[in-house]
Amino acid sequence: MDDCDPTTQAPDDELTLPRSAVNKIVKETLPHLRVANNSRELILNCCTEFVLLLSSHSNEICEKRNKKTILPEHVIDALKELGFSDYIPEVEGVFSEYKTQASNRKRSSKKLDKLGVSEEELLRQQQALFAAARQQQYEIELAQHNAALAAATSASQNSSSAGLLTSQLSIQSHKTDDDEDYD
């Protein structure tokens, strides 16, 4: 397999950029040109190689500075060392745009802002929901208490009736016994 042939497919375990993303960039950058498939493959391989070179060189700079995370300044310094100083103003501009968009996203991502309801109104709604839940729980507990009380009353009445019936039977049997004594 020839390493210089741009049409050869990269093995699955090799790192590459997504083909669709690179094709989209090419199409948006050069909308009026047709680009041959082998040229697209070459662009993909070059982009991948550039990213790998830049990231590994940035990592070396990061390690030299005893850092564990590659920071934007490490990437910019790697560009300088690799001879791509002409691109630094554009890279800094893109990074500045990114920071602006990220901070705007953070501000607009607050759920309260998306709801369009004031914090006071949300607090009032929450308190109303808590009160409704407490009332519902109270009613459930009251119904359980009343059911237990009714069951206890019923059991007590049943045992009282049984006791009364037993005592009445006992009295009647005594009367019968007493009647026999007088004969």
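Which residue with a positive phi follows α2? The residue is N66, and its phi is near 55°. The points below concern a predicted model.

1. Helix α2. This helix covers residues 37-64, 28 residues in total. From the first C-alpha to the last it reaches 41 Å, close to the 40 Å expected at 1.5 Å a residue. N66, with its positive phi, comes after this helix.

2. Buried positions in α2. The buried residues of this helix are R40, E41, L44, T48, L54, H57, S58, I61 and C62. Charged and polar side chains can be read off that list next to nonpolar ones, including R40, E41 and T48 beside L44 and L54. The cover over these buried residues includes two other helices, α1 (19-29) and α3 (72-81).

3. Salt bridge between α1 and α2. The whole structure holds 4 salt bridges. One of them joins R19 to E41, with 2.3 Å between the closest N and O atoms. Because R19 belongs to helix α1 and E41 to helix α2, the pair ties together parts that lie 22 residues apart in sequence. The two partners differ in exposure: R19 is partly exposed, at a relative accessible area of 39%, whereas E41 is buried, at 9%.

4. Salt bridge within α3. K80 and D77 meet through their side chains, N to O, at 3.9 Å. A salt bridge is counted when the nitrogen is within 4 Å of the carboxyl oxygen, so the pair qualifies. Both residues lie in helix α3, 3 residues apart, which is about one turn of the helix. K80 is partly exposed, with a relative accessible area of 45%, while D77 counts as buried at 17%. This pair also takes part in a network of salt bridges that links R65, D77 and K80.

5. Salt bridge within α6. In helix α6 (residues 119-181), R124 and E121 are 3 residues apart, so about one helical turn separates them. Their side chains form a salt bridge at 2.7 Å, N to O. R124 is partly exposed, with a relative accessible area of 47%. E121 is partly exposed as well, at 26%.

6. Cysteines. How many disulfides does a search of the whole structure find? The search finds 0. Take C46 as a case: its sulfur is 7.0 Å from the closest cysteine sulfur, which belongs to C47, and this is too far for a bond. A disulfide would need the two sulfur atoms within 2.5 Å. C46 is partly exposed, with a relative accessible area of 45%. C62, by contrast, counts as buried, at 1% relative accessibility.

7. Nonpolar core. The largest nonpolar core is made of 6 residues, namely L54, I61, I76, A78, L79 and I88. Helices α2 and α3 each supply at least two of its residues. The largest share comes from α3, with 3 residues. Two of the core members, L54 and I61, also appear among the buried residues of α2.

8. Contacts of L79. Which residues does L79 touch, leaving aside its neighbours within four places in sequence? The contacts are F50, L54, F84, S85, I88 and V91. Of these, L54 and I88 belong with L79 to the largest nonpolar core.

Note on methods. Residues numbered from 1 in each chain as written. Predicted model: local features only at pLDDT ≥ 70, side-chain atom pairs only at ≥ 80, totals over all residues. Heavy atoms only, no water. Helix = DSSP H or I, 4+ residues; strand = E, 2+ residues; numbered from the N terminus. Expected span 1.5 Å × (residues − 1). Buried < 20%, exposed > 50% of the residue type's maximum accessible area, 1.4 Å probe, protein only. Contact = heavy atoms within 4.5 Å. Core = buried A, V, L, I, M, F, W, Y, C linked by side-chain atoms within 4.5 Å.
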